[in-house]
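Trainee: I should like to request a close look at a single part of this model. Please describe that part in detail and place it within its surroundings.

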Amino acid sequence: MERIPILKIGDFLLVTVQVDMHDRLAVTLQDDLTDRIVSSRARGVLIDISALDIVDSFIGRMLGNIAGMARILDAETVVVGMQPSVAITLVELGLSLPGIRTALNIDRGMDLLRSASEETGETASAGREDL
Amino acid sequence: MPVEKTSELPLRAQEDVVAARQFVRSWAVELGLSLVDQTKIITAASELARNAVIHGGGGFIRLEILQETGKRGLRLTFEDQGPGILDIEKAMSDGYTTGNGLGLGLGGSKRLAHEFFIESAPGAGTRITITRWKS
């Protein structure tokens, strides 16, 4: 089955979407990511969409779902690399991606994740010891 | 209105939505639409093609390059033989959905196109036409 690869870098997961996803593939990614957050104890997820020419309401909803599920699993999500034309279109479509953190590129996204995990790092890791 | 070029693609499965997006992209590029305009029409096409597959039980998309005095445009028609829409006005409003989507497809596509036309009746399927002119 077709899948989008998920890479682990330190405490974070990195997903680079490089294909025009059909809906089922997007749902598979959502499921795979939630599994990987738990199995790898990741503190953050970075989703690079710089190769995506469009983000429609389905992909937008999937990004929101991922961010929501990750948050419940104690991981932050940052969507990076959105093309300006995609941002313009999304807003006109009526989708402002509430609840999703974004950054211009992977470097800035990583910085955001690192500072988020440092803020909550101590209490969160203490909590995890109890699991 | 003179049609320079026309083509049709089936919309039966999710993969057809991807194919429709790619087809619309290549025609939008050929027409010379700006990147933002390409993105808008492809996004609208994605919403409407998905609607035809999911809510309409499948159908087709017709692409046409139009020529009017002094301007050219890309017209897309989405047709299905599904259950049709009972209350078009309600279906057009943001946030209204009969499925599990966000309910942005119809209203959003209208905002992304220069012209939007919808015909639908219960039991008679749905036909939606959108046009984006080259500015």
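The reply below begins with the chain as a whole and then turns to one helix and its neighbours.

Mentor: The model is a predicted one, and the part chosen for a close look is helix H4 of chain B, residues 105–112.

It is useful to set out the chain to which this helix belongs. Chain B contains four helices and five strands, and from the N terminus on they follow the order β-α-α-β-β-α-α-β-β. The C-alpha trace of chain B spans about 40 × 25 × 25 Å along its principal axes. For 135 residues, a compact globule would have a radius of gyration near 14 Å, and the 14 Å of chain B agrees with that. Of these 135 residues, 40% count as buried. Where contacts in chain B join residues at least 6 apart in sequence, 64% of them link residues at least 24 apart.

Now to the helix itself. The buried residues of helix H4 of chain B are B:Gly105, B:Leu106, B:Gly108, B:Ser109 and B:Leu112. When H4(B) is seen down its axis, these buried residues fall within an arc of 165°, so they line one face of the helix.

What do the buried residues of H4(B) pack against? Within chain B, their partners are helix H2 (35–54), helix H3 (88–92), strand S4 (115–120) and strand S5 (126–133). They also pack against H2 and H3 of chain A. The surroundings of this helix are therefore drawn from both chains, because its buried residues pack against elements of chain A together with elements of chain B.

The contact between the chains deserves a description of its own. It takes 18 residues from chain A and 25 residues from chain B. On the side of chain A that touches chain B, helix H1 (23–40), helix H2 (57–72) and helix H3 (84–93) of chain A each supply at least two residues. The largest share of that side, six residues, comes from H3(A). By character, the residues on the side of chain A that touches chain B divide into six nonpolar, five polar and seven charged.

A residue elsewhere in chain B offers a contrast in burial. B:Ser7 lies in strand S1 (residues 3–11) of chain B. B:Ser7 is exposed, because 11 other C-beta atoms lie within 10 Å, and the cut-off for an exposed residue is 12 or fewer. B:Ser109 of helix H4, by comparison, is among the buried residues. B:Ser7 and B:Phe23 stand 16 residues apart in sequence, and their C-alpha atoms are 9.7 Å apart in space.

Methods. Residues numbered from 1 in each chain as written. Chains lettered and ligands numbered in written order. Predicted model: local features only at pLDDT ≥ 70, side-chain atom pairs only at ≥ 80, totals over all residues. Rg over C-alpha atoms; globule rule 2.2 N^0.38 Å. Buried ≥ 20, exposed ≤ 12 C-beta atoms within 10 Å, placed from the backbone. Contact = placed C-beta atoms within 7 Å. Nonpolar A, V, L, I, M, F, W, Y, C, P; charged D, E, K, R; others polar. Arc of directions from axis to C-beta.
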